[in-house]
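Here is a short set of exercises with worked solutions. Keep the viewer open and try each task before you read on.

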Amino acid sequence: MPKITEEALSHFKKLHFIGIGGSGMYPIVQILHSQGFEIQGSDNNPGDNINRERDMGIKVFMGHRKENIEGADAVIFSAAIMKDNPELVSAYEKGIPVIERSEMLGLLSRRCKNCICVSGTHGKTTTTAMLTHILISSKMDPSAVIGGKINAIGGSGRAGKSQNMTIEACEFQDTFLHLSPDIAVILNVDEDHMEYFKTLENLKKSFRCFAESASNAIVFNNDDKNTIECIEGIEKRLVSFGSTKKSDFYYQNLLWKDGAHCTFELMERGRKLTDISLCVPGEHNVLNSVAAAAAAIISGASVEGVKDGLTAFQGVHRRFEILGKFNGVTVADDYAHHPAELKATLEAAKGLGFKRVWAVFQPFTFSRTKMLLDDFAKALSIADKVVMSRIMGSREVNTYGIYTKDLGEKIDGAVWFEEFSQIADYVRENAQEGDLVITLGCGDVYKCAHMILKDGEY
């Protein structure tokens, strides 16, 4: 099968996307369409992305059929596409070049002169979004590929006209090693996806390979021991960020107006750059904003652009997103699915002044739940009330013999149910005026939040 290279891509005219409506596909479609490629694709499910693509003049077939790929110079597919997909099978049979989404993203990263790739076990979606905000405010017109929706760009990506690009770089199954960053950002390194990496040392090796692939600079978290170990001895430009003056970029005089609004001074090597106002909760997001500022400034962003971009930042879809209220109870939703993320989110929630904080948690994958069971119990215990669903296995089979009750029995007062409808009924019957209910997880637990608000199906 012919391999798609940068040289080969430049000669293609018509590209076919299998799963074109996916959130990971949409930004790539936007960028390639803006670069003059003829784009078409197929999907099984209608949605906002497909509507936007059709508005761009892109032909989208509903359903997967082998005849859909006729005339295509290359076929791009997502990792979620099965090997027996008729379009994928037909492409192989016809000898049409085929490339997986993460590999195509790698090619795009090499077509820009300033590609900033943001990695880390936690916070990369928010930080990439913050960074994109800053570059837009600095009139740098970036292209962007982000793992969550942000209002400023109307989705999870944008096609800019400059040589600047921001990419959320995911470590899952080493997909970030396809990228060629000019600036590699490492926010943190923590045990996750251990069903793949097996050991923390293997995970660190992957992050080190990612860091070494940077052609210009590595921006790293000077407060995180694992991150420091990953970049130790690498002979490249190293730029640190953190919470103290031991780092190149840091914050000082942090003042919280309330649990969701703060101000601080952004510092660079002892020099005050500007005052920053931020309206997303949690000190972890303050650190994320400093990381974004550091990467932006060494890319040529203005200090005024940093200030304006961060002030305008309103958060990311499914990142502490307030959805509504019922009977004086506030309902929010968050993507947190790792103990460190749960800890940061719940600590931020506890600082918002609510009467009680309810954690409605959907464990994701049997392997993660089994391997980090005690850490999950400790993080969830920060909440006043804990309600859980059955484990969402996703791509896994429960060969681990792990169940939600195993986690629930480690948390005082925790309850768990099989169905979201049962959780919604329980929360609505027991939550009190002044409480915060936050659904947590990277699966489909957001549906439960809407059931609690009674604007979703039972």
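Buried means under 20% relative accessible area, exposed means over 50%, and partly exposed lies in between, with a 1.4 Å probe and protein chains only. Helices (H or I, at least four residues) and strands (E, at least two) are DSSP runs, numbered from the N terminus. The model is predicted: local features need pLDDT of at least 70, side-chain atom pairs count only at pLDDT 80 or more, and totals for chains, interfaces and linings use all residues. Residues are numbered from 1 along each chain as its sequence is written, and side-chain values use heavy atoms, with hydrogens and water left out.

**Exercise 1. Find the buried residues of helix α5 and say why the helix counts as largely enclosed.**

Step 1: Select residues 101-110, which make up α5.
Step 2: Apply the cut-off; the buried residues are Arg-101, Ser-102, Met-104, Leu-105, Gly-106, Leu-107, Leu-108 and Ser-109.
Step 3: Conclude. Eight of the 10 residues are buried, so α5 is largely enclosed by the rest of the structure.

**Exercise 2. Work out the strand order of the sheet that holds β1.**

Step 1: Use the pairing rule: two strands pair if DSSP finds at least two bridges between them.
Step 2: Start from β1 (residues 14-18). Its pairing with β2 (residues 38-43) is parallel and has five bridges, and its pairing with β4 (residues 74-77) is parallel with four.
Step 3: Check individual bridges. Phe-17 is opposite Gly-41 in β2 and has Ile-76 as its bridge partner in β4, while Ile-18 is matched with Ser-42 in β2.
Step 4: Extend outwards to get an open sheet of five strands, β3-β2-β1-β4-β5, with parallel pairing. β3 (59-62) and β5 (98-100) are the edges; each has a single partner strand, so one side of each is left without a neighbour in the sheet.

**Exercise 3. Describe the surroundings of β1 and the unit it forms with α2 and β2.**

Step 1: Count the buried residues: five of the five in β1 are buried, so this strand is largely enclosed by the rest of the structure.
Step 2: Sort the side chains. Lys-14, His-16 and Ile-18 point one way and Leu-15 and Phe-17 the other.
Step 3: Follow the chain. β1, α2 and β2 form a right-handed β-α-β unit; right-handed means that, with the strands pointing away from the viewer, the path from the first strand over the helix to the second runs clockwise.
Step 4: Place the helix: α2 lies across β1, β2 and β4, at about 170° to β1. Axes are lines fitted to C-alpha atoms, for helices over the stretch in contact, and angles run from 0 to 180 degrees between N-to-C directions.

**Exercise 4. Which residues have the most contacts inside the largest nonpolar core?**

Step 1: Define the core as a set of buried Ala, Val, Leu, Ile, Met, Phe, Trp, Tyr and Cys residues joined through side-chain atoms within 4.5 Å.
Step 2: Read off the result: the largest core has 47 residues, and Leu-15, Phe-17, Leu-32, Ile-39 and Met-165 have the most contacts inside it. Helix α2 (residues 25-34) supplies the largest share, five residues.
Step 3: Look around Leu-32. Leaving out residues up to four places away in sequence, Leu-32 touches Leu-15, Phe-17, Phe-37, Ile-39, Met-104 and Leu-108, where contact means heavy atoms within 4.5 Å.
Step 4: Find the second, separate core, which has 44 residues, including Val-118, Leu-273, Ala-292 and Ala-293.

**Exercise 5. At what angle do α12 and α14 pack?**

Step 1: Take α12 (residues 339-350) and α14 (residues 373-380); their angle is about 5°, and their axes are 8 Å apart.
Step 2: Classify the angle: under 35 degrees is roughly parallel, over 145 roughly antiparallel, 65 to 115 roughly perpendicular and the rest oblique. That makes α12 roughly parallel to α14.
Step 3: Name the contact residues. Pro-339, Leu-342, Lys-343 and Leu-346 come from α12, and Asp-375, Phe-376, Ala-379 and Leu-380 from α14.

**Exercise 6. Is Glu-191 buried or partly exposed?**

Step 1: Locate Glu-191 in the loop between β10 and α7 (194-197).
Step 2: Compare its relative accessible area, 32%, with the cut-offs: Glu-191 is partly exposed.
Step 3: List its neighbours. Not counting residues up to four places away in sequence, Glu-191 touches Leu-200, Leu-203, His-338 and Leu-372.
Step 4: Add a distance: Glu-191 and Arg-368 are 177 residues apart in sequence and 9.5 Å apart in space, C-alpha to C-alpha.
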